[in-house]
Amino acid sequence: MKHAFRPPRHKIHISWLLPYLRNRRILAGLGIFLIVFASLITVQAHRNQGNQPATPVPQPANAQQVAQKQRSVKRQLHHYLKSVTADGTASVSFYNLGPVAGSPAAKSTMATKFYKSGALATSANAHTPEISASTYKLYIAAYLFHQHAAGLYTWTPAEEDGFHRMIVNSANDFSEDVVDTYGPVALDDYLASQHYYSPTFVSGEAATTTAYSLTLVLKDLATQSGPFSHAKDQQKLLSLMKQQVYRTGIPAGATAAQKGTVVADKVGFLADTNNDAAIVTLPNGERYILVIMTHGHEQTGFSGFPRMAKITTHIQKLVYDPAIVKGLSK
């Protein structure tokens, strides 16, 4: 039995569509429908994306968080200073000055906030009077600068030479002549007027001072204040302090903490006393004052200077760890 012929399915399908495909209105409507349908899908996709949780963007620390971190670092630093002065043979005073104007550190908003001048200042045993040794020569410089600013002192070539040797080589002849010329009382009265430790100069006794007082005089020097307001005199002293020849104390420790660190300091050594008072500038422009006064431990000559270098390295690495500002900036 023969079956009736049936055309293939696709031919039926195409023949069924042909009338519609020839109708332009239907084609246009179909196109519009497809466009609208595609638009609805796109909108829905965007909505679905919007409903996804956004990736959090790290935000810089606010004032409260910065203050909290400052307290944490200061607490760690103070604990360390207490430990190195516990036996009473050392005094340490630290003061952060803030960055040099125009330096990379000064251009960092977070670094400027965190290292705001004095924000991390702390000390241990710093108000205890100790033998100053040649650190007292910073007071001689302050007094002479005061006299010069008042028009009562003139820098002759001989006095320039004596001053140079007093700071760079820690020679005693020039400073002793100043004490003899003006007298201990006049010098001590001036120190008291500047709120530095007094009496430092007592006839027949070794000069004494405190780490805190040396910090004050260095702060005035660094900020061109008080007796150091005369710019030329201030820069002269800072330049000579950078050239002083005894550099195994704070300068060695600061360089060990970070190569390229610059130190302007005045040392003192007498019997078992080894002292160092410094203004330290890091490569990025951050600055701090550090005064370390030591005695005991059977120190002789300069044997206490490595002790001061070790303390310096620890302090600088602790306070100026780059990770601190980086962490706060996220």
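## Helix H5 and its aromatic partners

At 4% relative accessibility, Tyr196 counts as buried in this structure, which is a predicted model. Its partner in an aromatic pair is Tyr139, a residue that is likewise buried, with a relative accessible area of 1%. Tyr139 belongs to helix H5, whereas Tyr196 sits in the loop between helix H8 (184–193) and strand S4 (208–209), so the pair ties together parts that are 57 residues apart in sequence.

A second pair involving helix H5 joins Phe145 to Phe228. Phe145 counts as buried at 0% relative accessibility, and Phe228 does so at 1%. Because Phe145 lies in helix H5 and Phe228 in the loop between helix H9 (211–222) and helix H10 (231–243), this pair ties together parts that are 83 residues apart in sequence. The geometry of both pairs is set out below.

| Aromatic pair | Arrangement | Centre to centre | Between the planes |
|---|---|---|---|
| Tyr139 and Tyr196 | stacked | 5.9 Å | 25° |
| Phe145 and Phe228 | edge-to-face | 5.8 Å | 90° |

The structure holds 18 aromatic pairs, and ring pairs link Phe145, Tyr153, Trp155, Phe163, Phe174 and Phe228 into a cluster.

Helix H5 (residues 137–149) also meets helix H7 (residues 173–182), their axes coming within 10 Å and crossing at roughly 55°, which makes H5 oblique to H7. The crossing of the two helices is left-handed. On the H5 side the contact is made by Lys137, Ile140, Tyr143, Leu144 and Gln147, and on the H7 side by Phe174, Ser175, Val178, Val179 and Tyr182. Sorted by class, the contact of H5 with H7 comprises seven nonpolar, two polar and one charged residues.

Definitions and conventions:
Residues numbered from 1 in each chain as written. Predicted model: local features only at pLDDT ≥ 70, side-chain atom pairs only at ≥ 80, totals over all residues. Heavy atoms only, no water. Axes fitted to C-alpha atoms, helices over the stretch in contact; angles between N-to-C directions. Helix = DSSP H or I, 4+ residues; strand = E, 2+ residues; numbered from the N terminus. Parallel < 35°, antiparallel > 145°, perpendicular 65-115°, else oblique. Left-handed = near helix turned anticlockwise from the far one by under 90°. Contact = heavy atoms within 4.5 Å. Nonpolar A, V, L, I, M, F, W, Y, C, P; charged D, E, K, R; others polar. Phe/Tyr/Trp six-rings, centres within 6.5 Å; stacked < 30°, edge-to-face > 60°. Buried < 20%, exposed > 50% of the residue type's maximum accessible area, 1.4 Å probe, protein only.
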